[in-house]
Amino acid sequence: MSDSSKLELLGLNLQGLTAIAEAAQEPSYRGKQLFEAIYRQRQASIDHISTLPTSFRKNLAEAGHSTGFPQIENRFTSIDGTVRYLIRFSDGQTVETVWMPEGDGGEAGDGTEAGDEEQGTRKFSRATICVSSQVGCAVNCQFCMTALLKVQRNLTAGEIVGQILVVLNDHSVDLDRERINLVFMGQGEPFLNYDNFIKAVQLLVEGVGIPESRMTVSTSGIIPRFEDFGSEPIRPKLAISLNASNEADRTRVMPINKKWNLANLIAAAKAFPLRNRERLTFEYVLLGGENDSPENAREVIELLRGLRAKINLIALNPGPGIPYQTPAEERVLAFQQILIRSGIPAFIRRPRGRDIYAACGQLKRMTELVELR
Ligand code: SAH
Ligand code: SF4
C-alpha cells in the first residue's frame with residue numbers, strides 16, 4: 001500500500017481502520033467507529049464523525065487523513081426518473097454512475113421483479129445503482145461508447161464504493177427501509193480490475209450494508225477470473241455479456257473473443273459453481289441486421305443448453321461513432337419469443353434515460369465531444 005492510499009480512509013477495511021486508530025494511540029474500538037461512520041453512516045468528512053473524540057478527529061486531520069468522497073460533477077435527471085451522475089475523483093478523472101428507481105424493468109440485481117410496497121405511511125422504494133469499475137475500458141466492444149474512451153485507469157476500492165455512497169446520500173437512502181440493488185455494469189471491465197472490485201464488494205456488504213444477493217457483476221468474458229470469482233466467500237451474481245451467437249459474429253462485435261472465445265466462455269460458464277437457486281445471466285445487445293435474426297436466436301438456444309441461465313435482451317442504445325443500428329421492435333420481440341418457446345427465460349431490458357444519454361459511456365463521451373469542440 002502506498003503512503004497516499006494509507007492517508008485516504010475511504011477504501012480501508014475494518015482491519016486497516018483499526019490499525020490507523022492504534023497508530024494514533026487510540027483504543028482499537030475507534031477503528032470500528034470509523035468503519036461504521038464512513039460506510040454505514042456515510043459521513044463524508046472526519047469533522048462530522050461525532051462518535052469520535054475531537055482530539056482523535058484533530059489527530060487524523062493533522063496526520064493528513066481524509067474520507068475523500070468523490071464529487072458529483074454533474075447530475076442529469078431523465079423524465080423516467082433515471083439520474084445519471086458524472087462523478088469526479090481527486091485526480092480529476094470522471095466516471096458515470098446511474099440511479100434507476102424501481103429496479104430496471106425486472107432487472108433488479110436480486111433477480112426479483114421491480115415494484116413498490118407500501119410500509120406505513122412512507123413509500124418502501126427500491127432502486128438499482130449502476131456502478132463503474134474503471135475509467136474507460138480496454139475491451140474494444142464495437143457497439144460500446146465506453147470502448148471509445150479507452151482505458152484511463154483502474155478505480156480503487158474506495159472510489160468504487162465512493163460512487164455508491166454519494167448516490168445513496170444524494171437520495172437520502174435509508175438502507176434499513178429501502179431496497180437497493182447494485183449492478184457493476186457501468187464503465188469498465190470489473191474482471192480486469194478484479195482485486196479492487198472484490199475489495200469494494202466486501203466493504204459494501206460488511207460496511208455499507210447491501211447484501212451480496214442484491215448485486216450483479218457483468219463481465220465481457222475474462223475467463224481466467226471465473227474460477228477466482230466462483231470461489232469468493234462473498235460475491236455478487238454473475239452476468240456474462242454474450243452479444244453474439246457464434247464465434248465469427250462475436251469476434252466481429254467483441255474482438256476480445258479472439259483471446260477468450262465463445263466455446264471456452266460457455267465451458268467456463270458451465271463449470272461455474274452456482275449457489276442454491278442461483279442462475280447465470282447472459283446479456284445480449286441486439287444489433288440490427290448483425291446478431292438479431294431468428295437463426296441467431298436458435299444458435300443462442302444451442303449455446304445455453306444445459307445451463308441454469310436467463311437472458312437479457314438489450315436493444316442497442318445507439319451513439320456517435322457506433323457503426324450499428326437499433327433493431328426494429330418486432331425483431332426484438334421475435335428473438336425473445338424463440339428463446340422463450342425453447343424454455344429459456346428471456347427478458348427485454350427497457351432502455352433507461354434515453355433523453356439523458358444513458359447508454360454505457362455515452363454521457364462521458366458526449367461531455368468529451370462538447371469539451372473538444
Ligand atoms: N464491461 C462489462 C460491464 C459493463 S458493460 C461488460 O461488458 O459486461 C454493461 C453492459 O452494457 C454489457 O452487457 C454491454 O454489452 C452493454 N452495452 C454496452 N454498450 C451498449 C449499448 N450501446 N447499447 C446497449 N447495451 C450496451
Ligand atoms: Fe468494456 Fe463492457 Fe463496453 Fe465491452 S461492453 S467495451 S467490456 S464496458
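What follows walks through the sheet, two loop residues and the two ligand sites of this structure. The model is predicted, so to speak of local features a pLDDT of at least 70 is needed, side-chain atom pairs count only at pLDDT 80 or more, and totals for chains, interfaces and linings use all residues. Residues are numbered from 1 along each chain as its sequence is written, chains are lettered from A and ligands numbered from 1 in the order in which they are written, and side-chain values use heavy atoms, with hydrogens and water left out.

Start with the sheet. Helices (H or I, at least four residues) and strands (E, at least two) are DSSP runs numbered from the N terminus, and two strands pair if DSSP finds at least two bridges between them. On that basis there is an open sheet of 10 strands with mixed pairing, ordered E1-E2-E3-E6-E9-E10-E11-E12-E13-E14. The edges are taken by E1 (71-77) and E14 (346-348); each has a single partner strand, so one side of each is left without a neighbour in the sheet. Direction ignored, neighbouring strands are turned by 20° against each other on average; axes here are lines fitted to C-alpha atoms, for helices over the stretch in contact, and angles run from 0 to 180 degrees between N-to-C directions.

Strand E6 (126-130) makes a handy anchor point. With E3 it runs antiparallel, joined by 4 bridges, and methionine 100 has threonine 128 in E6 as its bridge partner. With E9, E6 pairs in the parallel sense over 5 bridges, one of the partnerships being isoleucine 129 with leucine 182 in E9. As for burial (buried means under 20% relative accessible area, exposed over 50%, partly exposed in between, with a 1.4 Å probe and protein chains only), 5 of the 5 residues of E6 are buried. Arg126, Thr128 and Cys130 sit on one side and Ala127 and Ile129 on the other. Helix H6 (157-170) lies across E1, E2, E3, E6 and E9, at about 45° to E3. Elsewhere in the sheet, E11 (237-241) and E12 (280-286) pair in the parallel sense over 3 bridges, with alanine 239 opposite threonine 281.

Two loop residues are worth a look. Serine 133, in the loop between E6 and E7 (134-135), is buried at 2% relative accessible area. Contact means heavy atoms within 4.5 Å; beyond four places in sequence, the contacts of serine 133 include Asn154, Gln187, Gly188 and Glu189. Glutamine 152, between H5 (145-149) and E8 (153-154), is partly exposed at 44%. Not counting residues up to four places away, glutamine 152 touches Gln93 and Val135, and its side chain reaches the backbone oxygen of leucine 149 at 2.8 Å.

Now the ligands, where a residue counts as near if one of its heavy atoms lies within 4 Å. Ligand 1 is surrounded by 17 residues, the closest being Phe143, Gly188, Ser218, Ser241 and Asn317. Polar contacts are pairs of N or O atoms within 3.5 Å; within protein, one must be able to donate a hydrogen and the other to accept it, and residues adjacent in sequence count only if both atoms are side-chain atoms. A nitrogen atom of ligand 1 is 3.0 Å from a polar backbone atom of phenylalanine 143, and a nitrogen atom of ligand 1 lies 2.9 Å from a backbone N or O atom of glycine 188. On the side-chain front, an N or O atom of asparagine 243 is 3.2 Å from an oxygen atom of ligand 1. Around ligand 2 are Cys137, Val139, Cys141, Cys144, Ala147, Gly188 and Ser220.
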